[in-house]
Amino acid sequence: MVRWNRETVIAEALALLDEVGIDAVSTRRLAKQLGIEQPALYWHFRSKAALLAAMAEAAMEPHARAPLPTPADDWQIWFADNVRSFRHTLLLRRDGARLHAGTYPKPSDLDRIAHKIAFLTAAGISLEDAKMAMLAAGRFTVGSVLEEQADLGTSDIADHDQIGGAVNHEAAFEAGLRLIVRGLTMSIQ
């Protein structure tokens with residue numbers, strides 16, 4: 001008999017997400033894939049919401065392992081690379097943006113976030129602007145990836161862009177990121 005631990009259940013749930021998408025992920029379907037009875041999942045997760053939260057945390061692990069900025073780093077380059085890392089991580093999973101949307105940093109993430117904000121303030125950005133830049137860039141990224149992943153399931157994406165043809169998601173993301181960095185640069189006094 002196979003014994004399933006929390007990490008194995010999360011890994012199988014993420015594999016199921018990649019296979020069927022977030023709307024089709026269910027504890028019943030996951031239990032069937034694991035070859036166990038559905039109530040056995042509650043040993044590790046009290047609810048589907050708890051399972052989805054654990055999946056979101058695991059899915060963000062590549063970004064969570066990204067190097068923190070050092071005093072020698074150029075803040076503009078680091079900021080853009082950090083946002084790109086977040087985007088890349090969301091794109092690693094089918095429906096990655098939907099899985100991540102609405103989540104909050106866990107307590108162990110708060111030190112990393114504080115380090116990033118301190119780095120930006122050391123570069124001359126006000127504390128409030130640094131916080132808002134991180135929040136705005138995060139929400140911009142989730143929204144961009146959400147739209148990109150939604151377009152993956154449509155056959156005619158040209159209809160989705162009302163301003164001139166099919167959307168080049170990466171180019172649109174980079175243009176928006178440049179605008180955020182430019183605005184943040186202008187905030188330095």
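**Exercises on aromatic pairs and a helix crossing**

At 0% relative accessibility, Phe-79 counts as buried in this structure, which is a predicted model. The exercises below begin with this residue and its ring partner.

**Exercise 1.** Determine how the rings of Trp-78 and Phe-79 are arranged, and whether Trp-78 is buried or exposed.

*Solution.* A pair of aromatic rings is described by the distance of the centres and the angle of the planes.

Step 1. The ring centres of Trp-78 and Phe-79 lie 6.4 Å apart, and centres within 6.5 Å qualify as a pair.

Step 2. The two planes stand at 65°. Planes over 60 degrees apart count as edge-to-face, so the pair formed by Trp-78 and Phe-79 is edge-to-face.

Step 3. Trp-78 has a relative accessibility of 8% and therefore counts as buried, the limit being under 20%.

Step 4. Ring pairs also join Trp-78 and Phe-79 with Phe-119 in a cluster. The structure holds 3 aromatic pairs.

**Exercise 2.** Classify the pair formed by Phe-140 and Phe-173, and state which helices hold the two residues.

*Solution.*

Step 1. The centres of the rings of Phe-140 and Phe-173 are 5.3 Å apart, and their planes meet at 15°. Since planes under 30 degrees apart count as stacked, this pair is stacked.

Step 2. Phe-140 belongs to helix α8 and Phe-173 to helix α9 (residues 169-187); at 33 residues apart, they link distant parts of the chain.

Step 3. Phe-173 is buried, at a relative accessible area of 1%, whereas Phe-140, at 24%, is partly exposed.

**Exercise 3.** Describe the crossing of helices α7 and α8, and identify which residues make the contact.

*Solution.* Two packed helices are described by the angle between their axes and the distance between the axes.

Step 1. Helix α7 spans residues 107-122 and helix α8 residues 127-151; their axes come within 9 Å and cross at roughly 130°.

Step 2. This angle exceeds 115 degrees but not 145, and α7 and α8 are therefore oblique to each other. Their crossing is right-handed.

Step 3. From α7, the contact is made by Lys-116, Ile-117, Leu-120 and Thr-121; from α8, by Leu-127, Ala-130, Lys-131 and Met-134.

Step 4. By character, these contact residues comprise 5 nonpolar, 1 polar and 2 charged.

**Exercise 4.** State where Lys-131 lies and how far it is from Ala-58 in space.

*Solution.*

Step 1. Lys-131 lies in helix α8. With a relative accessible area of 37%, Lys-131 is partly exposed.

Step 2. From C-alpha to C-alpha, Lys-131 and Ala-58 are 24 Å apart in space, with a separation of 73 residues in sequence.

Note on methods
Residues numbered from 1 in each chain as written. Predicted model: local features only at pLDDT ≥ 70, side-chain atom pairs only at ≥ 80, totals over all residues. Heavy atoms only, no water. Axes fitted to C-alpha atoms, helices over the stretch in contact; angles between N-to-C directions. Helix = DSSP H or I, 4+ residues; strand = E, 2+ residues; numbered from the N terminus. Parallel < 35°, antiparallel > 145°, perpendicular 65-115°, else oblique. Left-handed = near helix turned anticlockwise from the far one by under 90°. Contact = heavy atoms within 4.5 Å. Nonpolar A, V, L, I, M, F, W, Y, C, P; charged D, E, K, R; others polar. Buried < 20%, exposed > 50% of the residue type's maximum accessible area, 1.4 Å probe, protein only. Phe/Tyr/Trp six-rings, centres within 6.5 Å; stacked < 30°, edge-to-face > 60°.
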